[in-house]
Each structure stands twice: as C-alpha cells, then as structure tokens.
Amino acid sequence: MASSSKTQVEIFQPAKRLKSLPASPETLTPKSSISALCKPSPTDATGASGDLVPSESPSTLTPDQKKRIEINKALARSKRNLRLCTEKIERTKAEGLDYVKLEELLVEETWLEALPGELQKPYAKNLCRFVEREVRGSVPIYPPPYLIFNALHSTPFDRVKAVIIGQDPYHGPGQAMGLAFSVPEGIKMPSSLVNIFRELQKDVGCSVPSHGNLERWAVQGVLLLNTVLTVRNHQANSHAKKGWEPFTDAVIRTISQKKSGVVFLLWGNSAQEKSRLIDESKHHILRAAHPSGLSANRGFFGCRHFSQTNQILKRLGLSPIDWQL
C-alpha cells in the first residue's frame, strides 16, 4: 500500500460533521455520566497524587461515597493512560514521523506486567507492521490510535471483575472508541447496543440512557474487549486474522490463569468460542445469543446476565456493578 503524507493523527480524524468523537482524552468522558458521578462530595478531598481521598475515616463514609471515590480514581487513571498515548503521538508527529509503533501505545502498567513481552512475540511483530502499514495508507483506520488499547487502559488488570467480549470495532466514522459495543456520546446507538439496554432495563430496572458510552462500566471493572482491535473504514472484519486474535486470546487466557472469580459474558458463537481459554473451575461463564437485531430474540432477551453478574460478585464479597449510565 502506498505511503501517505498524512500524519497518523490526521488519518484517524473522523468526518467533520461527526463532532461528537473526542479530540482529546480530556473530552472522552461523557459529562452526563461519569463526570457527574465523580464530582467530589463534601466528604472528598484531593490528595497530593491527584486522586480523591476521603477527608473522613473510611468507616464514616457511606457506600455511595466509597463507590464515588473508587470510580473517580479509576477514571483518573484511564484519563492518564489516554494522555500518555496522545503525548506519544504528538511527540512522534513533532519528530516528523507519521505513525507511532503499536507496541508503544499500550501504557497501562498492570497489563504490561500481566502480559510480559506479548507484543514482542513474532506474531505480534507482524501485527504491528501490518497496523503501521494500514495507518500510513489512504483508508482511515478506527479507532483513533490513542484509543486502540482503550479497553485495557480503562480497566486495569487488577480491577477486572467481568469481561464482555465483542468482535471487531464499529467501522463507521466516529463510532469506535476502543470499548466493545460502546460509542461516544452524540453517535447513534447501533442495534446491538439498543438491545443491550432493553435487556438491562428489563433485568435490573435501569432507565435507557440517551447515549451509548459504556466507559462507566469499564472503570468499574467490566473489561469491554473486542477480539480484533482495529478496522478499516466501512470494511467490517478487514483486520481479522492479522494477529489481533492471538493477542486478545492472550488477554483472556491471562485473566483466566492469574485471576479467579471473574464473570465472562459470552454473547454469540464467536464470543462463546473463547470459553476454551477460560478455566470454568475458577471463573463464571454466562452464555447467551448475540444482542444483534438478527439474534437477540433467540436467547439474548431474557438472559438476565446483568443481575446474574452482580449476584455472583456479591457472593464473592465484591462490589456489584452499577449498570446505570
């Protein structure tokens, strides 16, 4: 593929009419959801590290206040990771290069420790070269580079409680944000996401949100992992079988081997194939049809996976997921 004179950041810019895709990590978070939830309360104070810490002793905090502090810290960590990626891209651009090496865009320390040397393996080297060629080409690649590893950056390894597995990113301009099934605020919700919210409303009573940004789930410990992390504009599965699958398999396998009590929500045949990577003697697998418009009526509706996940987490002594956006 012929090289392009465009920079990586320019190539990944969405169409101008889609202004809802964030231009920077600072604008990624929907103000209507996480920002409001994480607004400091009178019992919160900012510590020297920038994280919110309670000004009262933990024993005097309400569960809601503890949850707010926990989510605020996770959100700050996610934003830090996005900022580090953006800074790497800007430095590369200033040096006259038109792309950042893929392996340099994974910056979350807990995943680098959990997956030592994974992106240096032969298959991953080939994957990196492929993505770099695609970035330098004339066809836009989604999501933007600083969001390619957004799932891992939003849900550190030590915080993973549940895993929802998707396929490849949405392939329309402005849709993909590096989290399975999620779209930025202002982008029309795909049918799969509409059906997820319908089931969520019937299962646990959540009101249907006005947007499809699932970042609030991610920072609570729900890893929203696509099996392929990049895609060409309007070409579904165009980056399948290029090396992403072994990488995301390694993510799933590592969670299975190094953690216990994780809830895996496997929707559809493609996701359920990943059960071979999961030790069911120490983890929990919930299976259902895919939430797409073609299959939701064949077993997704009525699966009650959201309430089941929280029941399992409570039995394990872990805080449940607040699914409301």
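# Sheet, salt bridges and backbone exceptions in a predicted chain

Strand 7 (residues 263-267) and strand 8 run in parallel and are paired over five bridges. Within this pairing, leucine 266 sits opposite arginine 287 of strand 8. The model is a predicted one.

The two strands belong to an open sheet of four strands, ordered 5-4-7-8 and paired in parallel. At the edges are strand 5 (222-226) and strand 8 (284-288), each of which pairs on one side only. From one strand to the next, the twist averages 20 degrees. Helix 9 (residues 244-258) packs on the sheet and touches strand 4 (162-166), strand 5 and strand 7. The direction of helix 9 makes about 150 degrees with that of strand 5.

The sheet is one part of a protein chain that has 11 helices and eight strands. Of the 325 residues in the protein chain, 57% are buried. Among contacts with a separation of 6 or more, 70% are between residues 24 or more positions apart. The accessible surface of the chain is about 14,200 Å², and carbon and sulfur atoms account for 50% of that area.

Threonine 227 lies in the loop between strand 5 and strand 6. Is threonine 227 buried or exposed? Its relative accessibility is 8%, so threonine 227 counts as buried, the limit being under 20%. Leaving aside neighbours within four places in sequence, threonine 227 is in contact with Ile165, Gly166, Gln167, Trp244, Glu245, Thr248 and Lys274. Threonine 227 also lies 7.6 Å from aspartate 249, C-alpha to C-alpha, with their positions 22 residues apart in sequence.

Charged side chains come next. Side chains of opposite charge can pair when their charged atoms come close. The whole structure contains 15 salt bridges. One of them joins the side chains of arginine 77 and glutamate 108, at 2.6 Å from N to O. This pair links distant parts of the chain, 31 residues apart: arginine 77 is in helix 3 (residues 63-94), and glutamate 108 is in the loop between helix 3 and helix 4 (109-114). Arginine 77 is partly exposed at 27% relative accessibility, whereas glutamate 108 is buried at 0%.

Glutamate 103 and lysine 125 form another salt bridge through their side chains, with an N to O distance of 3.9 Å. Here glutamate 103 is in the loop between helix 3 and helix 4, and lysine 125 is in helix 5 (residues 122-135), 22 residues apart. Glutamate 103 has 19% relative accessibility and counts as buried, because the cut-off for buried is under 20%. Lysine 125, with a relative accessible area of 29%, is partly exposed.

Helix 5 also takes part in a salt bridge between the side chains of arginine 232 and glutamate 134 (2.8 Å, N to O). Arginine 232 is in strand 6 (residues 231-232) and glutamate 134 is in helix 5, 98 residues apart. Both ends are buried: arginine 232 at 17% relative accessibility and glutamate 134 at 6% relative accessible area. Elsewhere, salt bridges that share partners join Arg77, Arg80, Glu108 and Glu109 into one network.

Two packed helices are described by the angle between their axes and the distance between the axes. For helix 7 (residues 191-204) and helix 11 (residues 305-315), the axes come within 8 Å and cross at roughly 55 degrees. Helix 7 is therefore oblique to helix 11. Ile196, Glu199, Leu200, Asp203 and Val204 of helix 7 make the contact with His305, Phe306 and Ser307 of helix 11.

The backbone has some exceptions to consider. Most residues other than glycine have a negative phi, and most peptide bonds are trans. Which two residues are joined by a cis peptide bond? They are tyrosine 142 and proline 143, with omega about -5 degrees. Proline 143 is in the loop between strand 3 (141-142) and helix 6 (150-154).

Phenylalanine 181 is not a glycine, yet has a positive phi of about 70 degrees. This residue is found in the loop between strand 4 and helix 7. Lysine 241 likewise has a positive phi, near 60 degrees, and is in the loop between strand 6 and helix 9. Their surroundings contrast: phenylalanine 181 is buried at 9% relative accessibility, whereas lysine 241 is exposed at 76%.

Note on methods. Residues numbered from 1 in each chain as written. Predicted model: local features only at pLDDT ≥ 70, side-chain atom pairs only at ≥ 80, totals over all residues. Heavy atoms only, no water. Buried < 20%, exposed > 50% of the residue type's maximum accessible area, 1.4 Å probe, protein only. Contact = heavy atoms within 4.5 Å. Areas by Shrake-Rupley, 256 points an atom, 1.4 Å probe, with all protein chains shown as cover. Salt bridge = Lys/Arg side-chain N within 4 Å of Asp/Glu carboxyl O. Pairing = 2+ DSSP bridges. Axes fitted to C-alpha atoms, helices over the stretch in contact; angles between N-to-C directions. Parallel < 35°, antiparallel > 145°, perpendicular 65-115°, else oblique.
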